[in-house]
Amino acid sequence: MQPFTYVSITNQGQAIQSMAGNDTAKFLAGGTNLIDEMKLGVERSAELIDINALPLTKIEKSPDGGLRIGALVRNSDLAWNDAVRRKYPVLSQALLSGASPQLRNMATTGGNLLQRTRCYYFRDVHSPCNKREPGSGCAAIDGFNRIHAVLGTSEKCIATHPSDMCVALMALDATIRVAGPNGDRSIPISEFYVAYGEDPAKENTLAHDELITAVDLPAIEYSKRSLYLKIRDRASYEFALASAAVVLDLDGKNIRAARIALGGVGTKPWRSPEAETALAGKPATNETFTAAADAALRNAKPRKFNAFKIELAKRTIVQALQAVVALA
Ligand code: SF4
């Protein structure tokens with residue numbers, strides 16, 4: 001592990017100031033991903049700015065009836081929060097399906113948004129990897145790519161986004177609030193993650209000296225009818241091979257509106273407008289669900305070892321929709 005300096009900061013403005021012009025510094029929150037990567041030599045920050053003392057730990061009602069979640073709210077606290085469980089079950093379920101209880105007790109909302117891929121080659125400093133070392137190549141494209149993405153890939157990188165929480169946030173149209181040297185701004189989650197394209201090292205639109213301060217969930221009349229289904233190689237402490245976050249507005253046996261996001265198959269938490277269009281205004285039948293699943297994966301691009309994910313993701317969508325319709 002490369003030596004680094006450590007500073008703990010109690011003032012938000014000071015934290016942002018410490019990061020400005022300091023390219024080798026990183027904010028430290030739960031550290032469940034960052035410290036791992038530092039031990040592996042994947043992350044080589046020379047300075048850690050510990051922000052755990054900042055007052056960003058509240059979950060509060062927002063004036064529009066939604067929720068504001070502080071960036072330092074731990075994943076466990078968010079998952080078990082009463083309002084989240086009642087109004088946004090998809091988010092609670094997604095959080096509880098991720099990692100282990102110990103990790104969820106440490107991991108924060110802001111950190112989860114910035115979680116990095118678990119591509120084995122990314123985490124092995126001896127393998128070529130365009131994301132870790134731009135221009136070095138991608139060992140996964142012609143390598144063992146069973147866990148890799150089938151949606152949103154480029155010829156530079158096919159790494160899967162690892163988060164469950166972010167898939168639920170994508171379906172809920174969350175907004176990320178950030179603070180930086182030029183003030184505060186809000187980023188819709190649909191604009192937070194970027195396509196890999198030519199530069200897979202760039203994963204989001206956050207500037208280096210910006211700090212995530214909160215996540216806003218809008219009030220959604222029908223968000224109680226929501227669900228997260230995760231399919232993985234083992235029952236716990238495992239990343240998704242395919243997952244679906246579904247939020248459904250039902251009018252009797254017909255679907256008024258739907259929100260569908262996928263995990264485990266995309267290079268970012270993957271919202272599927274194609275599936276949503278295939279569901280809106282249709283009867284809630286298996287035929288409709290299958291058409292939506294087909295639409296969601298229509299542009300999927302399989303590699304040698306991950307073609308199974310296309311069918312798996314389709315079945316995950318169908319099963320999640322069946323389950324969400326069956327909710328009382
Ligand atoms: Fe690196 Fe992306 Fe290729 Fe994995 S898939 S080796 S992260 S470039």
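Helices (H or I, at least four residues) and strands (E, at least two) are taken here as DSSP runs, numbered from the N terminus. The model is a predicted one: local features need pLDDT of at least 70, side-chain atom pairs count only at pLDDT 80 or more, and totals for chains, interfaces and linings use all residues. Residues are numbered from 1 along each chain as its sequence is written, and side-chain values use heavy atoms, with hydrogens and water left out.

A good place to start is Leu 48, which is found in strand β3. Leu 48 has a relative accessible area of 1% and is therefore buried (buried means under 20% relative accessible area, exposed over 50%, and partly exposed in between, with a 1.4 Å probe and protein chains only). Setting aside neighbours within four places in sequence, Leu 48 is in contact with Phe 4, Thr 5, Tyr 6, Val 7, Lys 26, Leu 28, Leu 34, Ile 35 and Met 38; contact here means heavy atoms within 4.5 Å. Met 19 lies 29 residues from Leu 48 in sequence, and the two are 9.6 Å apart in space, C-alpha to C-alpha.

Lys 26, one of those contacts, stands opposite Leu 48 in β3. The strands concerned, β2 and β3 (residues 47-50), run parallel and are joined by four bridges; two strands pair if DSSP finds at least two bridges between them. In general, strands of a sheet pair through backbone hydrogen bonds, either parallel or antiparallel. Zooming out, β2 and β3 belong to an open sheet of three strands with parallel pairing, in the order β1-β3-β2. The edges are taken by β1 (5-8) and β2 (25-28), each pairing on one side only. On average, neighbouring strands of this sheet are turned by 25° against each other, direction ignored. Helix α1 (residues 12-19) packs on the sheet and touches β2 and β3, its direction making about 150° with that of β2. For these angles, axes are lines fitted to C-alpha atoms, for helices over the stretch in contact, and values run from 0 to 180 degrees between N-to-C directions.

Next comes an open sheet of five strands, this one with antiparallel pairing and the order β4-β5-β8-β6-β7. Its edge strands, β4 (59-61) and β7, each pair on one side only. Neighbouring strands here are again turned by 25° against each other on average, with direction ignored. Within this sheet, β6 (residues 175-180) and β7 (residues 183-188) run antiparallel, with six bridges joining them. These two strands make a hairpin with two residues between them. Two of the facing pairs are worth picking out on the structure: Ile 176 stands opposite Ile 187 in β7, and Arg 177 stands opposite Ser 186 in β7.

Further along the chain, β9 and β10 also pair in the antiparallel sense, over six bridges. Tyr 228 has Ala 245 as its bridge partner in β10. β9 is mostly covered, with five of its six residues buried. The loop between β9 (226-231) and β10 (242-251) holds Tyr 237, a residue with a positive phi of about 50° although it is not a glycine. Tyr 237 counts as partly exposed because its relative accessibility is 49%.

Ala 99 is another non-glycine residue with a positive phi, in this case about 55°. Ala 99 sits in the loop between α5 (89-96) and α6 (101-106) and is partly exposed, at a relative accessible area of 32%. The helix before that loop, α5, is mostly covered: six of its eight residues are buried, namely Pro 89, Val 90, Leu 91, Ser 92, Ala 94 and Leu 95.

That leaves the ligand. There are 15 residues around the ligand, and Cys 119, Cys 129, Cys 138, Cys 157 and Ile 158 come nearest; a residue is near a molecule or strand if one of its heavy atoms lies within 4 Å of it. The shell around the ligand divides into eleven nonpolar, two polar and two charged residues. In this scheme Ala, Val, Leu, Ile, Met, Phe, Trp, Tyr, Cys and Pro count as nonpolar, Asp, Glu, Lys and Arg as charged, and the others, Gly among them, as polar. Cys 129 counts as buried at 7% relative accessibility, whereas Cys 138 is partly exposed at 23%. As for disulfides, taken as pairs of cysteine sulfur atoms within 2.5 Å, the count comes to zero.
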